Amino acid sequence: MGGASKNSRTTVTTHKFMCPCGGEVIMKTLFESGKLKNVAECGKCKRTERRPKDFK
């Protein structure tokens, strides 16, 4: 019964989202009017969207 735990067997993958301009999309957390807000921003053209997949 001594196998590896379920969490240690899962593989971790990170998605790299790309903007149509060729820049990489990164997530940022902003604090506006008393609330935390997550936004996705392109590092090259500074375009911001709500989610990384909205850049398509």
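**Fold, core and salt bridges of the predicted model**

Along the sequence, the protein follows the pattern α-β-β-β, and its secondary structure accordingly comprises 1 helix and 3 strands. The model analysed here is predicted, and every value reported below was computed from it. Of the 56 residues of the protein, 16% count as buried, while the accessible surface amounts to about 5,000 Å², with 53% of that area belonging to carbon and sulfur atoms. Among the contacts with a separation of 6 or more, 18% are accounted for by residues 24 or more positions apart.

In soluble globular proteins, nonpolar side chains tend to be buried together. In the present model, the largest nonpolar core consists of 5 residues, namely Cys-19, Val-25, Ala-40, Cys-42 and Phe-55. Within this set, the surroundings of Ala-40 were examined with its neighbours within four places in sequence left aside. On that basis, Ala-40 is in contact with the core members Val-25 and Phe-55, and its contacts also include Ile-26 and Met-27. Further contacts of Ala-40 are made with Arg-47, Thr-48, Glu-49, Arg-50, Arg-51 and Pro-52.

Side chains of opposite charge can pair when their charged atoms come close. The count of salt bridges in the model comes to 3. One of them joins the side chains of Glu-41 and Lys-28, with an N to O distance of 2.7 Å. This pair links distant parts of the chain, since Glu-41 lies in strand 2 (residues 35–42) and Lys-28 in strand 1 (residues 25–32), the two being 13 residues apart. As regards solvent exposure, Glu-41 counts as buried because its relative accessibility is 13%, under the 20% limit, whereas Lys-28, with a relative accessible area of 35%, is partly exposed.

A salt bridge is also formed between the side chains of Arg-47 and Glu-49, where the N to O distance is 3.1 Å. Here Arg-47 is partly exposed, with a relative accessible area of 31%, and Glu-49 likewise counts as partly exposed, at 25% relative accessibility. Both Arg-47 and Glu-49 also appear among the residues in contact with Ala-40.

The remaining salt bridge pairs Arg-51 with Asp-54, whose closest N and O atoms are 3.4 Å apart. Arg-51 counts as partly exposed at 34% relative accessibility, and Asp-54 falls in that class as well, at 26%. Arg-51, too, is in contact with Ala-40, a residue of the largest nonpolar core.

Notes:
Residues are numbered from 1 along each chain as its sequence is written. This is a predicted model: local features need pLDDT of at least 70, side-chain atom pairs count only at pLDDT 80 or more; totals for chains, interfaces and linings use all residues. Side-chain values use heavy atoms; hydrogens and water are left out. Helices (H or I, at least four residues) and strands (E, at least two) are DSSP runs, numbered from the N terminus. Buried means under 20% relative accessible area, exposed over 50%, partly exposed in between (1.4 Å probe, protein chains only). Contact means heavy atoms within 4.5 Å. Accessible areas come from the Shrake-Rupley method with a 1.4 Å probe; for residues, only the protein chains shown count as cover. A nonpolar core is a set of buried Ala, Val, Leu, Ile, Met, Phe, Trp, Tyr and Cys residues joined through side-chain atoms within 4.5 Å. A salt bridge is a side-chain nitrogen of Lys or Arg within 4 Å of a carboxyl oxygen of Asp or Glu.
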